[in-house]
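The following exercises introduce a structure step by step. Each task is followed by a worked solution.

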Amino acid sequence: MGIQQITNMCAHLQNASRARLGITSLPNTRYNLNLALALHRAGFINSITRAGPHPPSPSEFLTLEPEPVTTANASTRRLWVTLKYWNNEPVLRRIQAVSKSSRRVQADLEQMGRIARGFEAGMHKGLNLGECMFLSTDRGVLELREALDRKVGGLVLCRAS
Amino acid sequence: MSVAHPVARSLFSRRLACPSLPGAVAAAAVAPLTASPLCRSFHASPQLETRRKAGKRAPKADAPKKQPKLPKLKLGKNPTQQRIGEYTKSRFPQYTPEELAELRNIYTPEQIESVMAGEAAINPEDLTLQARLRKDPYRFNYLDDFSTIQPIIDKRPKRQPPPDPMARFMNLDEFTRDLIEWADKFKVGEKTGTLKKLEDFAPEALRGKPEPQWPTKARTEVHEKYMAYLQEEAAKSKNGDVDGTGEDNWGPTDADVLSYILQRSSMTDNGLISNSDMAPGLANKVPGVEGMYKNPVDPEDGGLDADGTFQNLKLQTGMTVKQILDLRTKVISLRSVSNQTRMGKIRGTSASVIAGNGDGWIGIGHAYSVEPMDAHQKALLKAIANMKPILRYEDRTVYGNLECKISGTVVRLFNRPPGFGLRVPHNMYFIAHAAGLQDLAARIPRSRSPLNTAKAAVQALQTQRSPEEIAMGRGKKLIDVRRVYYGGQV
């Protein structure tokens with residue numbers, strides 16, 4: 001179920017980015033939040049805020065103290081993501097899910113090394129210029145180079161560039 | 001004058017110089033040209049007769065034998081009349097009675113008559129002093145003294161002098177003078193001052209006196225004479241016979257006026273007829289339009305752009321004409337296209353051209369025109385105007401792998417290490433060359449249409465994103481380790 005959320009999130013972020021939206025929202029799941037944080041670390045998105053069905057006002061986006069999630073409001077919580085643009089172009093131009101719920105794709109350390117250097121490994125193509133790969137490891141959702149630093153492989157979630 | 005003309009005397013006379021040979025006259029008369037040594041042979045192999053070996057076939061009884069050589073005669077530098085006479089007699093002798101009899105056997109009396117007329121037409125001394133038979137290798141293979149023009153063979157002679165290069169169109173004064181000059185050729189019936197007066201008909205005695213003092217009878221007579229004279233003059237004028245010569249010279253006829261309009265030159269060349277039918281070109285400075293249609297020629301171009309083709313481009317691009325001409329350009333496609341209208345197909349040419357400076361600039365231009373040359377030129381100018389800088393890693397290859405899709409054509413470009421070379425399909429080689437790339441690989445997995453391939457490749461090159469730009473977008477710091485730590489040596 002979680003993987004399905006991730007593929008939906010990837011498609012939605014790419015659509016929103018291409019539509020030049022400033023803010024968009026994602027379902028509030030742990031998996032989504034972890035991937036969004038990884039994207040934020042990689043610099044693809046500006047900010048992530050958990051809020052209700054309406055986005056917080058732009059002035060309080062970064063300072064908003066989010067409400068604690070309770071059983072009463074859990075179903076209405078959403079992740080509000082501000083997208084990034086540079087030189088009139090979206091920073092997140094392309095984000096493509098790799099694993100899907102019917103086929104989960106793993107990458108081991110050896111493959112990851114090759115991929116990071118731009119070579120093919122198994123079913124994975126090498127990373128191109130400016131491309132990132134996000135994996136779900138037992139240390140959380142990490143970018144490929146972070147995972148290599150920690151020497152952990154895992155489930156390949158998506159590729160972003 | 002060809003050999004059929006009587007100047008062929010020398011031929012006849014040479015052949016007839018040995019009357020002892022019975023067949024000589026016939027052979028010479030029948031085939032003077034074919035057997036003539038004057039014919040220049042263009043074959044390397046000798047003639048058939050000379051190739052035959054004498055021993056194999058018995059010579060015919062009546063075959064012409066070899067002529068005995070004429071004794072060598074020399075006129076000298078200043079020959080006397082006697083010497084000339086001797087020489088003429090020996091070289092160009094008159095027909096002997098035997099020869100004449102022989103000729104009469106062959107020719108009809110009319111032909112003999114014309115031969116004799118031809119012989120009589122030329123003084124043998126002229127042949128001695130003037131006629132020369134050329135022996136040089138460049139002689140004509142026929143006899144002709146070029147005294148008459150044969151319209152089929154010869155070019156039309158240019159009898160008129162060449163046109164006056166300084167001639168220009170007449171101005172108003174010159175034109176008026178020319179018109180008066182032309183009109184003066186025609187005697188128009190202008191009678192004022194030329195007619196006789198009343199006094200001219202008066203008797204001598206009355207000439208000095210005023211008319212009222214004349215006797216009445218004499219006055220009546222004079223008046224009658226004068227009226228008769230006037231009537232006669234008026235009748236002459238009606239007939240157009242002005243000067244009494246009996247010819248109609250009542251000014252220019254319609255034909256004269258037409259020839260004036262159509263044929264008289266309006267240039268200051270005195271109405272000379274030229275050998276050429278070509279009208280003279282317009283003057284350099286036609287008043288009113290002077291300088292309006294002249295291409296501005298920039299002295300900085302050094303004469304490279306006399307047509308003014310690149311003047312706009314110079315302003316657009318800031319390049320000099322020399323730089324523009326040094327660009328690497330290539331026609332990608334030049335194809336015939338047609339527009340179907342209700343009037344039918346309108347054919348034209350579409351051209352696409354690549355232009356690059358070999359140092360990181362590349363552009364593509366497409367243009368249409370009816371003429372292929374114009375289409376090419378327009379596309380070239382557009383390609384140069386469209387040139388944009390592209391990103392090159394270390395000035396030799398592209399950053400990362402690129403992909404671009406135009407219609408059904410997908411072009412993939414791959415960066416490669418130094419020394420790899422341009423291992424790309426031929427229709428993309430020139431694009432890489434013009435852009436100044438040295439290491440590149442490419443794949444065209446789908447349609448290989450030349451035009452779309454070029455478009456896609458140029459678009460892929462022009463829309464690259466630099467790593468610095470990507471890093472700035474993501475808020476990262478980026479260092480090219482290869483360049484910073486190893487100076488591009490590894």
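Two residues are in contact if their C-beta atoms, placed from the backbone, lie within 7 Å. The model is predicted: local features need pLDDT of at least 70, side-chain atom pairs count only at pLDDT 80 or more, and totals for chains, interfaces and linings use all residues. Residues are numbered from 1 along each chain as its sequence is written, while chains are lettered from A and ligands numbered from 1 in the order in which they are written.

**Exercise 1. Describe the overall make-up of chain A.**

Step 1. Helices (H or I, at least four residues) and strands (E, at least two) are DSSP runs, numbered from the N terminus. Chain A holds 4 helices and 10 strands. Read from the N terminus, their order is α-β-α-β-β-β-β-β-β-α-β-β-α-β.

Step 2. A residue is buried if 20 or more other C-beta atoms lie within 10 Å of its own, exposed if 12 or fewer, and partly exposed in between, with C-beta atoms placed from the backbone. Chain A has 161 residues, of which 27% count as buried.

Step 3. Among contacts of chain A with a separation of 6 or more, 63% join residues 24 or more positions apart.

**Exercise 2. Determine the surroundings of A36(A), and state why A36(A) counts as buried.**

Step 1. Locate the residue: A36(A) belongs to helix α2 of chain A, residues 30-42.

Step 2. Apply the neighbour count: A36(A) counts as buried because 20 C-beta neighbours lie inside 10 Å.

Step 3. List the contacts. Leaving aside residues up to four places away in sequence, A36(A) touches L26(A), I45(A), I48(A), L79(A) and V81(A).

Step 4. Compare sequence with space: C10(A) is 26 residues from A36(A) in sequence, and their C-alpha atoms are 9.9 Å apart.

**Exercise 3. Characterise helix α2(A): which of its residues are buried, and how are they arranged?**

Step 1. The helix has 13 residues and reaches 18 Å from its first C-alpha to its last, close to the expected 18 Å. The expected span is 1.5 Å times one less than the number of residues.

Step 2. The buried residues of α2(A) are N32(A), L35(A), A36(A), A38(A), L39(A) and A42(A). Seen down the axis of α2(A), these buried residues fall within an arc of 160°, so they line one face of the helix. The arc is that of the directions from the helix axis to the C-beta atoms.

Step 3. Just after α2(A), G43(A) takes a positive phi of about 90°.

**Exercise 4. Lay out the sheet of chain A with the order β1-β3-β2 and place the helices that lie across its strands.**

Step 1. Two strands pair if DSSP finds at least two bridges between them. The strands β1-β3-β2 of chain A, in this order, make an open sheet of 3 strands with antiparallel pairing.

Step 2. β1 (23-27) and β2 (45-51) of chain A each have a single partner strand, so one side of each is left without a neighbour in the sheet. Direction ignored, neighbouring strands of this sheet are turned by 25° against each other on average.

Step 3. Between β1(A) and β3(A), residues 78-83, there are 5 bridges in the antiparallel sense. In this pairing, S25(A) stands opposite W80(A).

Step 4. Axes are lines fitted to C-alpha atoms, for helices over the stretch in contact, and angles run from 0 to 180 degrees between N-to-C directions. Helix α1 of chain A (residues 2-18) lies across β1 and β3 of chain A, at about 170° to β1(A). Helix α2(A) lies across β1, β2 and β3 of chain A, at about 150° to β2(A).

**Exercise 5. Analyse the sheet of chain B with the order β5-β6-β8-β7.**

Step 1. This is an open sheet of 4 strands with mixed pairing. Its edge strands are β5 (402-406) and β7 (422-423) of chain B, each pairing on one side only.

Step 2. β5(B) and β6(B) pair in the antiparallel sense over 5 bridges, and E403(B) stands opposite R412(B). These strands form a hairpin with 2 residues between them, and S407(B) in the turn has a positive phi of about 55°.

Step 3. β7(B) and β8(B), residues 440-443, run parallel and are joined by 2 bridges. The bridge partner of R423(B) in β8(B) is A441(B).
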